[in-house]
Amino acid sequence: QFNFNKLGKVIVVCNSVSYTFNVFPGAKINFETDVTDNRTINTAMRVTGKGSEINIDYRLFNDEALNNIKWDYALSPDSFVLRLTDWREKKDSLRKVLVRQKAKIGYGKYILQFLQVDSLNDLYWTVGGYRDYHSSTLHKKSEEDIFFQKHIKPYIFSTDNENYLAADRYKYFWKRYVWNKYFWKKQSKDSSELNDLNPYAFHFEEIKKITKGKLQKIVLASILQSDFVYNYEYEPVADFPVYDSLLERYGKEIPNPEVLVATRSKIDIKKHQRAITATGQPAPDFLLADSSGKTYSLKDFAGKTVYIDAWASWCGPCIAELPDYKKLVDKFKDRQAVIFVSVSIDDTKTAWIEKGLNKHHPPGLQLWAGKGGWRSTFAKNYYISGVPQYILIDGEGKIIDFNPPRPSSGDKIGTAIAEALKN
């Protein structure tokens, strides 16, 4: 049994399968399960106790359909908006049913508040979908076009309303919006205003300018503890002093000193990882199987340049890279000295095969990281903290680049592989 004193969502992991509970103060939820993978979670999970009703009802709604919509950039703008809006309207209908059924019981006020927060999360989930579509597919250089004005701008306002602050997607929206704003401005006629301003310096200053109060502190802290840390994973080591100074400057503006301490701790770990994954360091060996069960190790590819693609069937950006990845593999198909190895971090082998291989038919040698995905030995040894992650290794098993260009970079990755083959 789990007792809760908060309003929101809690993730419980059982047998390497995660389940999200919707909770509120006073909830006492019991669950039993013999679940082995995400496909059976809705039928294998038995939920009882105070607060179980809202979880049972919500399990009937398949959120996987939303993920499929959000990354379906082949749709026209009108069709894309229509499908996301239709999803939200169906979810709103479910919420109305829950209000009628549950609001009269003793803890109805908490359910009502949860549903209000959940409604905001869904709203900003879809607005985020519009924003990503706008930025990635329409290739707009400005915030002033019709699509932006109609589908995004009405929801850009700063508030300390309790329900908004409890909505994770509302807070996340600000981080992504400001990040996109930097690149819109960088590519516009006003780009001179940036004056080579570091993207995160712009990010922090913009958050300070357009948000206020608790929201501002929450978003700044969230950026420092998550997005900002990845500079130490992907940016040149020579730039670390710049990011160190930004951390000291903006970290002091957050009232909670624990945020700065926790961020420094994460950064120290990233710096250590960069040191042992630097160019020339030996790449960790692995023993992974393909869909037929045949195993491969890194040593099997001795003498060959290896381009590793860590991905997952549920990862939209990974799937978006596949057309260019197929072109890249085809470009080097006659070069025996290079091999392309994709390693899926899907939680289960079934999900990898059914939702990854059978649906998308990725090129190259396809291997599975093993049970647990993120917690697999491969993911830990290769410090896979986000996907897609690409790694370039030379014929001696040494790292050339732990973050080489993506397939969609065009000539950049082709040139990098060609250079590796010369050495």
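Q: What percentage of the residues of the protein chain count as buried?
A: In this predicted model, 47% of the 423 residues of the protein chain count as buried.

Q: And how much area does the chain expose, and what do carbon and sulfur atoms supply?
A: The exposed area of the protein chain comes to about 21000 Å², of which carbon and sulfur atoms supply 51%.

Q: How many helices and strands are there?
A: The protein chain holds 17 helices and 12 strands, and, where contacts between residues at least 6 apart in sequence are concerned, 63% join residues that are at least 24 apart.

Q: Switching topic, how many disulfides does a search of the whole structure find?
A: The search finds 1 disulfide, and it joins cysteine 315 to cysteine 318, with an S to S distance of 2.4 Å.

Q: Why is that disulfide right-handed?
A: The torsion about the S-S bond of cysteine 315 and cysteine 318 is about 80 degrees, so the disulfide is right-handed.

Q: Are those cysteines, 315 and 318, buried or exposed?
A: Cysteine 315 is buried, with a relative accessible area of 4%, and cysteine 318 also counts as buried, at 4% relative accessibility.

Q: Now histidine 360: where is its place?
A: Histidine 360 lies in helix α15, which covers residues 349-360.

Q: Why does histidine 360 count as buried?
A: Histidine 360 has a relative accessible area of 19%, and because buried means under 20%, that value falls in the buried class.

Q: Which residues is histidine 360 in contact with, leaving aside neighbours within four places in sequence?
A: With those neighbours left aside, histidine 360 is in contact with Ile319, Leu322, Lys326 and Lys355.

Terms used. Residues numbered from 1 in each chain as written. Predicted model: local features only at pLDDT ≥ 70, side-chain atom pairs only at ≥ 80, totals over all residues. Heavy atoms only, no water. Helix = DSSP H or I, 4+ residues; strand = E, 2+ residues; numbered from the N terminus. Buried < 20%, exposed > 50% of the residue type's maximum accessible area, 1.4 Å probe, protein only. Contact = heavy atoms within 4.5 Å. Areas by Shrake-Rupley, 256 points an atom, 1.4 Å probe, with all protein chains shown as cover. Disulfide = S-S within 2.5 Å.
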